[in-house]
Amino acid sequence: MTNFDLVIIGTGSGNSILDERFRDWRVAIVEKGTFGGTCLNVGCIPTKMFVHPADLAAMPAAAGRLGVDATLDGVRWADIRDRVFGRIDPIAAGGREYRANHTDNANVTVYEGTARFTGPRTLDVDGETITADRIVLAAGGRALVPAVPGLEEVGYHTSDTVMRLEKLPRRMTIIGSGFVSAEFAHVFSSFGVEVTVVARSGALLRRQDGDISARFTELAAGRWDVRLNRKVLGASRDADGIRLDLDGESLSTDLVLVAIGRVPNSDLLDLPAAGIDVAPSGHVVVDEFQRTTAAGVWALGDLSSPFELKHVANHEARVVQHNLLNPAAPIEADHRFVPHAVFTSPQIASVGITEEQARARGLRYVTAKQDYAGIAYGWAMEDNTGFAKVLADPASGQLLGAHIIGPQASTLIQPLIQAMSFGLDARSMARGQYWIHPAMPELIENALLNLPLD
Ligand SMILES: Cc1cc2nc3c(=O)[nH]c(=O)nc-3n(C[C@H](O)[C@H](O)[C@H](O)COP(=O)(O)OP(=O)(O)OC[C@H]3O[C@@H](n4cnc5c(N)ncnc54)[C@H](O)[C@@H]3O)c2cc1C
Ligand SMILES: NC(=O)c1ccc[n+]([C@@H]2O[C@H](COP(=O)([O-])OP(=O)(O)OC[C@H]3O[C@@H](n4cnc5c(N)ncnc54)[C@H](O)[C@@H]3O)[C@@H](O)[C@H]2O)c1
């Protein structure tokens, strides 16, 4: 039995904790899958590397109304796929090699297996017992699969596998209507696949601000076959491919992509054996210092965070890193203003609360909108569907939330994140600085000026 100063479970965000300040610690890092975790191998990075060529492939169809006649000659799926993974796979392999064999990591032992607790700060890794003074749980989550009769038999993909397809299908049906669905619907439809989206509820991306979700649902319905308020009741194969039975109708498809959310990997860790509490959602319970309910055990990222976002996992990894190194002066994680972006088309980005949340909380708030169509750069792009919506406290002018649907939303949101994080009020933000004319951030300037503050 080997004892370590620190054991880290999971090489996604967990791997970024280790630096030269841990050189004198005996460290073990345990990974059951591909080194580098979800974001690098099957998440943020490859998806966005597919979104960019998808944006290019969609451009000719949009250019005609601006007087530019362009045609898409073809999409070389194998080349697109191999460019993405030709870059990513060596990074994952290099990361593993660095931790396992580089002299910088002489103090680090890499275990390739599945860790699970057998007692307080005691782990089994595929039959070998290791103990540690401190343990960091960074075990992430995995795609959920619905219990649909026949689905296992006909076969399905998740975000883990769909980016490595041998060839593009003619038709794809996506079950689910969240982030993964919206991004892959854009990617695959831009590459010429006929996409159907099956949503359980009456809107796509329904956790976004209601106006954003409604606009996206309307635009999506013009681009994909969108089936709202439908449950998938069964799957089978017939002469026309895969048949999905929805309530009241059926559809035929060639490939099913399941995108109904993710579940934390807490069930793999036998946490009760170590006295570590788990919430009903499956997330490991942590306090503001990222400490679990067991002494000497921290957790971070998708395993403990309902946000399930890489920038949150990275932030929490920095908090855990500091708290490991400075036990007498720990810092708290900051989850006040967590932004997100959905890299679909049009892009969506958001920070703070939605109007529905403001109403439910009984807050006094005002809102304002600015259409891209009303700013000069929007005229240049002939954008008639995008807008920014801001919510603020009418008395103080402090921003409560901001939501954007339209080109470059993920970039345009950043000054609003900054304003909220540093307490800059809407009026000072709008008038206390220059806004380059006629650039896209004028969308934000005008949305702020439109707020009916007291
Ligand atoms: C398709 C997709 C696209 C995404 N796009 C974005 C995006 O654009 N922006 C964004 O912010 N977020 C995005 N995310 C979310 C983001 O990928 C995650 O929030 C982030 O990767 C979580 O990091 P983590 O370190 O918590 O977990 P992970 O990166 O999942 O790392 C956990 C690691 O632990 C290992 N592990 C699990 N259990 C054990 C065990 N018992 N023993 C040993 N090892 C174990 C796993 O194999 C895994 O490698 C996306 C996710 C998906 C699926
Ligand atoms: N750009 C990004 O930041 C990005 C991109 C992709 C994924 N992610 C992260 O990954 C996580 C997983 O993404 P996701 O899209 O799978 O989850 P999600 O939570 O965004 O959406 C899941 C959708 O599936 C629906 N659903 C749930 N159970 C269902 C069922 N049984 N049948 C039909 N529909 C069902 C939900 O109502 C929801 O609309 C997200 O929480 C997100 O944080 C982030």
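A residue counts as buried here if 20 or more other C-beta atoms lie within 10 Å of its own, with C-beta atoms placed from the backbone. The model under discussion is predicted, and the term is needed at once for helix H7.

Helix H7 covers residues 310-325. Its buried residues are Val312, Ala313, His315, Glu316, Ala317, Val319, Val320, Gln321, Asn323 and Leu324. What do they pack against? The partners are three strands: E1 (2-9), E6 (128-137) and E16 (297-299). The length of H7 can be checked with simple arithmetic. At 1.5 Å a residue, its 16 residues should span 22 Å, and because the end C-alpha atoms are 22 Å apart, the expected and computed spans agree.

H7 also takes part in the surroundings of ligand 1. The shell around this ligand holds 36 residues, and those that come nearest are Gly10, Gly12, Gly37, Gly140 and Gly301. Two or more residues of the shell come from each of strand E2 (27-31), helix H1 (37-42), helix H2 (44-63), strand E4 (115-119) and H7. Sorted by class, 16 of the shell residues are polar, 13 are nonpolar and seven are charged.

Ligand 2 has a shell of 21 residues, with Gly176, Gly178, Phe179, Val180 and Glu308 coming nearest. Which element gives the largest share of this shell? Helix H5 does, with four residues. H5 spans residues 179-190, and both H5 and strand E17 supply at least two residues each. In the shell of ligand 2, ten residues are nonpolar, seven are polar and four are charged.

The interior can be described through its nonpolar cores. The largest has 75 residues, and Ile174, Val197 and Ile348 have the most contacts inside it. Helix H5 contributes the largest share of this core, seven residues. A second core, separate from that one, has 42 residues, among them Ile8, Leu123, Leu269 and Val312. Val312 has already appeared as one of the buried residues of H7.

Val197 gives a closer view of the packing. Apart from neighbours within four places in sequence, Val197 is in contact with Ile174, Ser177, Ser181, Ala185, Leu204, Ala220, Trp224, Val226 and Arg227. One of these, Trp224, sits in the loop between helix H6 (210-221) and strand E10. Is Trp224 buried or exposed? Trp224 is buried, because 22 other C-beta atoms lie within 10 Å, against a threshold of 20 or more. Leaving out residues up to four places away in sequence, Trp224 touches Ala185, Ser189, Val195, Thr196 and Val197. Trp224 and Val193 are 31 residues apart along the chain, while their C-alpha atoms are separated by 9.9 Å.

Some loops carry backbone features worth locating. Asn229 has a phi near 50 degrees, a positive value in a residue other than glycine. This residue is in the loop between strand E10 (225-227) and strand E11 (232-238). Asn229 counts as partly exposed because 13 C-beta neighbours lie inside 10 Å. Glu382 likewise is a residue other than glycine with a positive phi, near 55 degrees. The loop holding Glu382 runs between helix H9 (376-381) and strand E20 (387-392). Why does Glu382 count as exposed? There are 12 other C-beta atoms within 10 Å of Glu382, and a residue is exposed with 12 or fewer, so the count falls in that class.

Two peptide bonds before proline are cis. One runs from Ser345 to Pro346, with omega near -5 degrees. Pro346 lies in the loop between strand E17 (340-342) and strand E18 (348-352). The other joins His437 and Pro438, where omega is about 0 degrees. Pro438 belongs to the loop between helix H12 (426-431) and helix H13 (442-449).

Domain annotations come from the record. In an unreviewed entry, UniProt lists residues 4-316 as "domain: FAD/NAD(P)-binding". This span is 27% helix and 25% strand, and its end C-alpha atoms lie 22 Å apart. Residues 338-447 are listed by UniProt, again in an unreviewed entry, as "domain: Pyridine nucleotide-disulphide oxidoreductase dimerisation". For residues 338-447 the end C-alpha atoms lie 20 Å apart, with 34% of the span in helix and 25% in strand.

Technical notes
Residues are numbered from 1 along each chain as its sequence is written. Chains are lettered from A and ligands numbered from 1 in the order in which they are written. This is a predicted model: local features need pLDDT of at least 70, side-chain atom pairs count only at pLDDT 80 or more; totals for chains, interfaces and linings use all residues. A residue is near a molecule or strand if its C-beta atom, placed from the backbone, lies within 6 Å of it. Ala, Val, Leu, Ile, Met, Phe, Trp, Tyr, Cys and Pro count as nonpolar, Asp, Glu, Lys and Arg as charged, and the others, Gly among them, as polar. UniProt positions are given in the numbering used here, feature names are shortened, and annotations may be inferred rather than shown by experiment. The expected span of a helix is 1.5 Å times one less than its number of residues. Two residues are in contact if their C-beta atoms, placed from the backbone, lie within 7 Å. A nonpolar core is a set of buried Ala, Val, Leu, Ile, Met, Phe, Trp, Tyr and Cys residues joined through C-beta atoms within 7 Å.
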